[in-house]
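Here are a few short exercises to work through with the model open beside you. Try each task before reading its solution.

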Number of protein chains: 2
Amino acid sequence: MRVVVPFAAEQPKTRLDDFFTPAERREFSRAMLDNVLAAIRESGHEPELLTTAPIERDVPTIVDERPLTTAVNAILETDSPVAIVMADLPLATPAALAWLFDAPEDVVLAPGRGGGTNALVARHPDFRVDYHGTSYLDHREGARRVGASVGIVDSFRLGTDIDERADLAEVLVHGEGAARAWLDRVGVRLVRSDGRVGVERTGNG
Amino acid sequence: MRVVVPFAAEQPKTRLDDFFTPAERREFSRAMLDNVLAAIRESGHEPELLTTAPIERDVPTIVDERPLTTAVNAILETDSPVAIVMADLPLATPAALAWLFDAPEDVVLAPGRGGGTNALVARHPDFRVDYHGTSYLDHREGARRVGASVGIVDSFRLGTDIDERADLAEVLVHGEGAARAWLDRVGVRLVRSDGRVGVERTGNG
């Protein structure tokens, strides 16, 4: 099965712009991507990169500057089965990915917070994606519309996409590998806030 | 195995005070509790309520007005094995709870967002809880300190505790049962915001 990782090479992670410079956001997004690529390889699959602009990574690469939904559907139209795994899932482990990849249904969804779809497997030739809005609900409905069976992967790790400052705490609590190492290096630390734990930046960051 | 659900009967869910009145917060917290109690029963266990003040529920009840950590440790000191499942997990399903209850390790943890521990099983007589700060990391370390094996349940549903306005979207996307019905009744609806989907309040709320 093909495993494709979409990546926004330019202007990544804009909702972290109150915490990181543009250059830092580029570095951090690439560190998260490296986490995801490594976890896919450890799960026994060879990842492919679907990127909006060329980046230097030792992985088969498709450059497609169109919007995410269009670029992913171009792949789904020509091949099946295909897994689509977002690049901002630095908590993804080989075990969590294997759970997704090995589920038997025609369409398998790993929901993200806020109604998103963080990863999916499409084995039905007529299934298409739409990443706008509550894509998880739309994908579930879309799968049923084309007569595909639907599986849901109930994973905290795959459900944790990193978009905002508060999300960085999840990387520090649960993460290993490149994204965690990058946060450590720039001095991002856990801090106890009112309620859930948050992050602050100290030292040489 | 005993399955204990701690519940803050007074002043519940204070971080929702920008969205709900105190009376509404009490209603909503009880609706979430009913979700959790129902899911535990459907998983084949009889829940017990550990509440800071008496409330009307048809379930064996311990009233203990001490802080959460103290009250839970009083139970862990006298009995084992015990499961502790938080009352603000309206996405909890019998399947997700069975995964927790049936894991073989001495201490099994279901992490919540922001470093919390949303549910756990303690089978080791020396394990104690501390719910302050990054309790997930503290519990993992505490289990190792007493020589207990540690299992982690990677569940999006058990990881989703409902504390803040943004969390309500998860109930509307993934929830069924009492909490979802209550949100529908007071007119809380999904709304597409910049990034993840959020909620707004309309109608007769």
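## Exercise 1: The surface and build of chain A

Task: Work out how much accessible surface chain A has, and what share of it belongs to carbon and sulfur atoms.

Solution. Keep in mind that this is a predicted model. Step one: the accessible surface of chain A adds up to about 8,400 Å². Step two: carbon and sulfur atoms account for 46% of that surface.

Task: Decide whether chain A is as compact as a globular protein of its length.

Solution. Begin with the elements: chain A has seven helices and nine strands. The globule rule gives 17 Å for 205 residues, and the radius of gyration of chain A is 17 Å, close to that value, so chain A is as compact as a globular protein of that length. Along the principal axes, its C-alpha atoms fill a box of roughly 55 × 35 × 30 Å. Next comes burial: 56% of the 205 residues of chain A count as buried. Finally, take the contacts in chain A between residues at least 6 apart in sequence; 59% of them join residues at least 24 apart.

## Exercise 2: Two cavities

Task: Find how many cavities of 30 Å³ or more the structure holds, and describe the lining of the largest cavity.

Solution. The structure holds two such cavities. The largest has a volume of about 50 Å³. From chain A, its lining includes Arg113(A), Phe156(A), Gly159(A) and Thr160(A); from chain B, it includes Arg113(B), Phe156(B), Gly159(B) and Thr160(B). Now look at the helices: helix H5 (156–159) of chain A and helix H5 (156–159) of chain B each supply at least two lining residues. Sorting the lining by character gives two nonpolar, four polar and two charged residues.

Task: Do the same for the second largest cavity.

Solution. Its volume is about 40 Å³. Pro111(A), Tyr136(A), Ile152(A) and Asp154(A) are among its lining residues, as are Phe156(B), Arg157(B) and His174(B). This lining divides into four nonpolar, one polar and two charged residues.

## Exercise 3: One residue in chain B

Task: Is Ala38(B) buried, partly exposed or exposed?

Solution. First locate the residue: Ala38(B) sits in helix H1 (residues 22–42) of chain B. Then compare its relative accessible area with the cut-offs: buried means under 20% and exposed means over 50%. Ala38(B) has a value of 29%, so it is partly exposed. As a last step, pick out Ala103(B), 65 residues away along the chain: its C-alpha atom and that of Ala38(B) are separated by 21 Å.

Technical notes: Residues are numbered from 1 along each chain as its sequence is written. Chains are lettered from A and ligands numbered from 1 in the order in which they are written. This is a predicted model: local features need pLDDT of at least 70, side-chain atom pairs count only at pLDDT 80 or more; totals for chains, interfaces and linings use all residues. Side-chain values use heavy atoms; hydrogens and water are left out. On a 1 Å grid over the protein atoms alone, a cavity is a set of points where a 1.4 Å probe fits but cannot get out, and a pocket is an open set with protein on both sides within 12 Å along at least five of seven lines; lining residues have an atom within 4 Å of a point. Grid points are joined across faces, edges and corners, and a volume is the space filled by probe spheres set on the points. Helices (H or I, at least four residues) and strands (E, at least two) are DSSP runs, numbered from the N terminus. Ala, Val, Leu, Ile, Met, Phe, Trp, Tyr, Cys and Pro count as nonpolar, Asp, Glu, Lys and Arg as charged, and the others, Gly among them, as polar. The radius of gyration is taken over C-alpha atoms; the globule rule is 2.2 Å times the number of residues to the power 0.38. Buried means under 20% relative accessible area, exposed over 50%, partly exposed in between (1.4 Å probe, protein chains only). Contact means heavy atoms within 4.5 Å. Accessible areas come from the Shrake-Rupley method with a 1.4 Å probe; for residues, only the protein chains shown count as cover.
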